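Thank you all for coming; I would like to use these few minutes to walk through one model with you. Please have the sequence and the structure in view while I talk.

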Amino acid sequence: MRFDLHTHTTASDGLLTPAALVEAAHAAGIELLAITDHDAIDAYAALPPLPPGLHVIGGIELSTAYNGGGVHVVGLNLALGSDALMQALASQRQARSARAERIAERLHKRGIVDALAGAARHAGDAAIGRPHFAAYLVEIGACVDAEAAFRKYLARDLAPASAWPSLATIIEWIRAAGGVAVLAHPGKYGLTRKRLDELTAAFRAAGGAALEVVSGLQRPDVTRDLAALAERHGLALSAGSDFHQPGQAWAALGRLAPLPPSGRRVWELWQ
Ligand code: AMP
Ligand code: MN
Ligand code: MN
Ligand code: MN
């Protein structure tokens with residue numbers, strides 16, 4: 001089965017509309033898709049009739065704070081209309097908007113004016129995220145590309161992880177909405193093996209159910225290490241591209257390194 005359980009649209013910081021994402025997923029031969037926008041599910045209200053053979057499950061990527069750093073938890077197979085989720089989303093949206101104001105203030109102190117309005121323009125209907133600030137910084141010529149904008153302005157304390165709720169709170173929200181919590185892209189937090197093991201244990205203890213052992217194209221040894229980590233902690237295996245836009249070979253829709261042959265697949269938790 002071809003699947004992709006981690007993708008973004010214009011409802012957060014992706015470049016494709018929900019309709020365009022569905023079309024691209026169908027063209028890529030994907031049969032099981034989760035749209036996992038940052039702290040938002042608005043894409044689901046804008047989905048066209050699905051092409052035959054494509055199944056879409058309710059998904060989200062929630063921002064959380066762990067030990068002062070930002071950690072992402074993907075929620076899969078969510079009941080999108082649930083009250084629990086609506087309340088969670090209102091609270092995340094509030095946190096994101098307060099954080100955007102703080103980021104704009106800090107940028108102002110560094111000589112970047114009108115950043116809030118600029119980022120809001122790039123965000124459109126979506127809640128403002130750091131990539132929208134990056135797009136503004138590139139637009140005004142302060143940085144050559146988003147990567148440089150993150151390096152110079154957005155990577156560290158401009159986006160304090162204190163804006164986000166705890167791992168336990170986030171996982172509780174996902175479970176209350178009938179979903180399965182997946183620790184997203186575990187290799188991207190810059191943690192040592194020991195620290196990643198501790199995060200995984202904390203995630204499991206808080207009710208997490210799966211580990212994203214494949215994030216886009218990655219080396220086989222990375223997959224092996226993460227699968228071993230999942231097994232040690234009794235977590236199922238998930239995989240997704242973290243697709244944001246066409247043209248990025250390492251995160252193309254449905255183009256994933258293979259899952260290891262053994263280990264429980266995350267979809268077995270709801271099938
Ligand atoms: P936020 O949700 O506002 O904290 O923004 C996080 C998002 O920024 C991630 O999901 C990525 O899409 C993007 N991002 C993170 N780091 C970088 C980077 N170094 N260069 C470009 N985009 C990045
Ligand atoms: Mn993103
Ligand atoms: Mn993420
Ligand atoms: Mn993502």
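I will go through the metal sites, then the bound ligand, then the sheet with its helices, and finally one pair of residues.

Before anything else, please keep in mind that this is a predicted model, and that what I report was computed from it.

Let me begin with the manganese ion that is listed as ligand 4. Which protein residues serve as the donors of this ion? They are His-6 and His-8, each through NE2, together with Glu-61 through OE and Asp-242 through OD, and they lie 2.1 to 2.2 Å from the metal. If you follow these donors along the sequence, the spacing reads H-x1-H-x52-E-x180-D. His-6 sits in the loop between β1, residues 3–4, and α1, residues 18–27, whereas Asp-242 belongs to the segment after β8, residues 236–240, so this pair ties together parts of the chain that are 236 residues apart in sequence. Both His-6 and Asp-242 are buried.

The manganese ion that is ligand 2 lies 4.6 Å from ligand 4. Its coordination comes from Asp-13 through OD and from His-38 and His-244 through NE2, at 2.1 to 2.2 Å, and in sequence these donors follow the pattern D-x24-H-x205-H. Here too distant parts of the chain are linked, since Asp-13 is in the loop between β1 and α1 while His-244 is in the segment after β8, 231 residues away. Are these two residues, Asp-13 and His-244, buried or exposed? Asp-13 has a relative accessibility of 16% and therefore counts as buried, and His-244, at 17%, is likewise counted as buried, because the cut-off for that term is under 20%. There is also a manganese ion listed as ligand 3, and 5.6 Å separate that ion from ligand 2.

Let me turn now to ligand 1. The residues around ligand 1 include Asp-13, His-38 and His-244, and these three also coordinate the manganese ion that is ligand 2. Also among the surrounding residues are Arg-96, Arg-99, Arg-130, Glu-147 and Phe-150. Looking at individual atoms, an oxygen of ligand 1 is 2.9 Å from an N or O atom in the side chain of His-38, and an oxygen of ligand 1 lies 2.7 Å from a backbone N or O atom of Arg-130. On the side chain of Glu-147, an N or O atom is 3.0 Å from a nitrogen of ligand 1.

Next comes the sheet, which is open and has five strands in the order β4-β5-β6-β7-β8, with mixed pairing. Its edge strands are β4, residues 59–66, and β8, each of which pairs on one side only, and the twist averages 40° from one strand to the next. Strands β4 and β5, the latter spanning residues 69–76, run antiparallel and are joined by eight bridges, with Gly-59 standing opposite Leu-76 in β5. Helix α6, residues 167–176, packs on this sheet and touches β4, β5 and β6, its direction making about 160° with that of β4. Helix α7, residues 193–205, lies across β4, β5, β6 and β7, and runs at about 175° to β6.

Finally, I would point you to Ala-27 in helix α1, which is exposed, with a relative accessible area of 70%. The C-alpha atoms of Ala-27 and Leu-253 are separated by 9.7 Å, although the two residues are 226 apart along the chain.

Terms used
Residues numbered from 1 in each chain as written. Chains lettered and ligands numbered in written order. Predicted model: local features only at pLDDT ≥ 70, side-chain atom pairs only at ≥ 80, totals over all residues. Heavy atoms only, no water. Donors = N, O, S within 2.8 Å, 3.2 Å for Na, K, Ca; no water. Helix = DSSP H or I, 4+ residues; strand = E, 2+ residues; numbered from the N terminus. Buried < 20%, exposed > 50% of the residue type's maximum accessible area, 1.4 Å probe, protein only. Pairing = 2+ DSSP bridges. Axes fitted to C-alpha atoms, helices over the stretch in contact; angles between N-to-C directions. Contact = heavy atoms within 4.5 Å. Near = heavy atom within 4 Å. Polar contact = N/O pair within 3.5 Å; in protein donor to acceptor, adjacent residues only side chain to side chain.
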